[in-house]
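Dear colleague,

I am handing over the structure below, and after it you will find a short account of what came out of looking at the DNA and at the place where the two chains meet.

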There are 2 protein chains.
Amino acid sequence: MNGDDSVSRPTDDIMCATYRALCRHGYADLTMQDIADEWEKSKPALHYHYDTKRGLLLAFLDHLFTNYTDRVAAPEDGPARERLDALIDAALDPPRADTHRELRTALFEVKAQAPHDEAFRERLSRFDDYLTDEVRSVVGDGVESGAFRADTDIETTATLLVTLLNGAHSRRVALGADDGVREAIRAFVDDHLGRRVDESR
Amino acid sequence: MNGDDSVSRPTDDIMCATYRALCRHGYADLTMQDIADEWEKSKPALHYHYDTKRGLLLAFLDHLFTNYTDRVAAPEDGPARERLDALIDAALDPPRADTHRELRTALFEVKAQAPHDEAFRERLSRFDDYLTDEVRSVVGDGVESGAFRADTDIETTATLLVTLLNGAHSRRVALGADDGVREAIRAFVDDHLGRRVDESR
DNA sequence: TTTTGCTGACTGACCGGTCAGTTACGGTGT
DNA sequence: ACACCGTAACTGACCGGTCAGTCAGCAAAA
C-alpha cells in the first residue's frame, strides 16, 4: 500500500530515537521526554504513535530482535570452530562495540525488569532461544563434520555456552570487570570440543 | 558501652524490614514507604536512621554480605568434589530457597542498577570476589588432593564456574526458566574436573 | 471537510526528603 | 518528692519535583 521509500516511517525514527535515548540514559532513567527529545518531536507526539511507554518499549524489543538476528546470524558454511568463535565474539561484544556497549547495559536493565512482566520475559526468551539455536546448530555441525569431539553432548554444550555468555554479560555489566572471561570461554571451547585435534580421544 | 542485649537495635530491625519489603515489591518498585510499612514505623523515622534511600540500600547490601558469607562458607574439610557441589548448590539456590527466591530477583535488579553507581558496584564485587575465592580454594584443594585432574588450570576453572553461576542466576531470574542449567553445570564439573577418575589423561 | 500528525499546556499520582512538633526517658538540682 | 532539662526516637503534614498520560486546538495533507 503505502510505498514510502525515501520517507522514513515515523515509527522507525522512534525506534532509532529510543535506541539513542536508551544508550544515553539507561533503562531505569529513561523517560518518554528523553525519547521525544532524541526524536526531536514532542512527548504527546510519542503517545500519538504508542499509547503507553510499555508498548513502545515492547515494540523496541521486537525491533531490536529483527536487527539482532540479522546481525548475529552465523554464516552457514565455513569451519565449525571459526563459526563458533565468531558467534561467541558476536554475543560477547556485538559489532561496533563502542556504540553498542551502552545498549548492552540498558538491555541488562530490561532483563532485571522482566521478572515482573510476562511480555518482557517473552521477548527476552526469544533472544535467548535464538542464541541457543545458533550455538546448538554450530556445535551440531562441528560434531557431524568431525571438527569437534564425537562424544560431545550437543544439548548440554549449547546450554553451557549460552549460560557462560549470559554470565559473562552479567559480570561485565554489573561489575565493570572483564577478568579474562573471554579467554576462559575460549579455553573451555578448546578443552571441551576440540584443539586436541587427535580425532580419537 | 551500650550493652543492649535483648533489645534489638532499630537498625537491625530496619535491615530486616528492608529485606521483607525487597522481597515483596522488588527493587525497582521499592519505596521508603514500603520499608517503613514493613518496619511498622513512619517514613520520617526511617530518614532519622538513614539520611537517604541510597544510604539505606548500601547499608542493606553490607548487612547482606555478612549474612551471605556466614551462610555460604564452605566447610574446610571433606571431599573436594562434595564441597564444590555444595558450593554450587548454595550459589544456585540459597538455603530456604522458597524464602529467598524473591530476594535473588531483587538482587538481580540491584545488579542492573550497579553500572550507574560506583558504590553499588563495589558492594556487588565483594560478593563476586568472595564466591570466586571460595571456588578457587575448593578447586585448588581438589587438585592438590588428587580428586580433580592434575592438569586443571585453577584460575580458568574458577572463572568459568563463577561465570556459569552468574549466567544461571541471570537466566533463571530473567527468563523464569531453568532448562537443565544445573545438570549442565554438574556435567561440566564431571567432565572437566573428575568423574573419569583414570588419573592419567 | 475530514483525517493525520503534531504541539503547548495541563493533570494526577507518586515519591524522596524536610520540618515542626510530640512522646518517653534518664539524669540533675532542690 | 517534684520540677526542670536534654536527648533519642518518632509522627503528621507538607514541599518540590518528576513523570506518564490527557486534552484542546492548529496546520497541512487527502
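A polar contact, as the term is used here, is a pair of N or O atoms within 3.5 Å. By that rule B:Lys53 qualifies, since one of its polar backbone atoms is 2.8 Å from a phosphate oxygen of DNA strand C. Please keep in mind that this is a predicted model.

Two other residues also reach phosphate oxygens of DNA strand C: B:Met32 does so with a backbone N or O atom at 3.1 Å, while A:Lys41 uses an N or O atom of its side chain, at 3.0 Å. In total, 15 residues surround this strand, and A:Ser42, A:Pro44, A:His49, B:Lys43 and B:Lys53 are the closest of them. Of the atoms of DNA strand C that come within 4 Å of the protein, 52% belong to sugar and phosphate. Helix H3 (43-49) of chain A and helix H3 (43-49) of chain B each give at least two residues to the surface near the strand, and H3(A) has the largest share, with four residues.

Turning to the two chains, 41 residues of chain A and 42 residues of chain B take part in their contact. About 3,200 Å² is buried between chain A and chain B, and carbon and sulfur atoms give 65% of that area. On the side of chain A, the residues that lose the most area to chain B are A:Thr163, A:Arg171 and A:Leu175, which together make up 17% of what that side buries. Two salt bridges are found across the interface, and one joins the side chains of B:Arg171 and A:Asp128, with N to O at 2.6 Å.

Best wishes

How values were computed. Residues numbered from 1 in each chain as written. Chains lettered and ligands numbered in written order. Predicted model: local features only at pLDDT ≥ 70, side-chain atom pairs only at ≥ 80, totals over all residues. Heavy atoms only, no water. Near = heavy atom within 4 Å. Polar contact = N/O pair within 3.5 Å; in protein donor to acceptor, adjacent residues only side chain to side chain. Contact = heavy atoms within 4.5 Å. Buried area = accessible area lost by both parts, 1.4 Å probe. Salt bridge = Lys/Arg side-chain N within 4 Å of Asp/Glu carboxyl O.
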